[in-house]
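Me: I would like to go through this model with you. Could you take my questions one at a time?

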Amino acid sequence: MGFRHFIPVVLTAGILLVSSNHARTQQQPMFRSGTELVDLFVTVTNDDGRLVPNLTREDFEVYDDNELQELVVFENSVRPITVVVMLDTSASMELNRGRLMAGAEQFLIRMLPDDRGKVGSFNDKVEIEPLTFTGDRDALISWLPNLDFGNSTRVYDAASASLDALSDIVGRRVVLLFTDGDDTDSNASSNDILNQAIAEEVMIYSIGFESNYFNGARYVRTRPDRNLRRFAEETGGGYFELTEADELGPTFTRVAQELHSQYVIGFTPSEPDGKLHNLEVRLKNARMTARARRSYIAPLASSPERDAPPDAR
């Protein structure tokens, strides 16, 4: 398909320390008939890495802190996404700039009519355009040649800015992050990114790229930041790792295909305690693999006094 390999994510219990107060104010849960639900977007692949359509509710099992849950939501239809496509434009990517922009274009042209997006870049600074999310694919593509190039690689600050841009968006939110190197000058940390993404229920797709560039003294081979895989595994996205010999377009295309081929499953949390819970999605067919977020912040149980109108207290 053009990418060297896709790193499958096996769902196990994720362990992250997240501020419960911050998470409760940030998360945007689903509701059905007044009941709060935990929803998961699940990618299913077979042994060959191909996407698997047409599964049923009975094919899935979801475990909340190792307790099997009853699925009260199951959908096999496309839900719109709001996405920030964030691209590494540091000095090490200069020779591959054209390939990167062509690859990102392949993702943007596959956005569906109800999808919305922004594009951004990062080096010694971070920028995101346009000011508002748009579904105009031509407009988004037109921004790509204008993205600035610089020296440093502020991966985590770029991810943080992407999450902030999505913070007021209702619905399904995604960050697509591309980089060829380690973070160098960010103020944010990798844990900051994971805590925010988990609390706000944002899916991160990561593409890591190995490149060669001349740093003024010698040729250097870059290696993508090791936290890219972690971001994807914990939030239910995918991680792809490429070399300069690989075409970028098929990988960006694959991300678009996955985002428009995911199952939506949901359950009512049995422990509304406001704490971090581990999630695991299992498939009854052992030859298939499921990917979804590994944890969530449970809602707090509502009390009659808290929910009562002021006059009734």
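Reply: The following exchange concerns a predicted model, with one strand and one helix as its topics.

Me: Let us begin with strand E7. How many of its residues are buried?

Reply: Strand E7 covers residues 81-88, and 8 of the 8 are buried. The strand is therefore largely enclosed by the rest of the structure.

Me: Which residues point which way from E7?

Reply: Ile-81, Val-83, Val-85 and Leu-87 point one way, while Thr-82, Val-84, Met-86 and Asp-88 point the other way. Residues on both sides are buried, Asp-88 and Thr-82 included.

Me: Which strands pair with E7, and in the parallel or antiparallel sense?

Reply: E7 pairs with strand E10 (residues 172-179) in the parallel sense, over 7 bridges. Strand E8 (residues 116-122) also pairs with E7 in the parallel sense, again over 7 bridges.

Me: What are the bridge partners of Val-85 in E10 and of Thr-82 in E8?

Reply: Val-85 has Leu-176 as its bridge partner in E10. For Thr-82, the partner in E8 is Arg-116.

Me: Which helix joins E7 and E8 in a β-α-β unit?

Reply: That is helix H2 (residues 97-108), and the β-α-β unit it makes with E7 and E8 is right-handed.

Me: Changing topic to helix H5: how many of its residues are buried?

Reply: In H5 (residues 190-200), 8 of the 11 residues are buried, so this helix is largely enclosed by the rest of the structure. Among the buried residues are Ile-193, Leu-194, Ala-197, Ile-198 and Glu-200.

Me: And what phi does Glu-201 take, just after H5?

Reply: Glu-201 takes a positive phi of about 60°.

Technical notes
Residues are numbered from 1 along each chain as its sequence is written. This is a predicted model: local features need pLDDT of at least 70, side-chain atom pairs count only at pLDDT 80 or more; totals for chains, interfaces and linings use all residues. Side-chain values use heavy atoms; hydrogens and water are left out. Buried means under 20% relative accessible area, exposed over 50%, partly exposed in between (1.4 Å probe, protein chains only). Helices (H or I, at least four residues) and strands (E, at least two) are DSSP runs, numbered from the N terminus. Two strands pair if DSSP finds at least two bridges between them. A crossover is right-handed if, with the strands pointing away from the viewer, the path from the first strand over the helix to the second runs clockwise.
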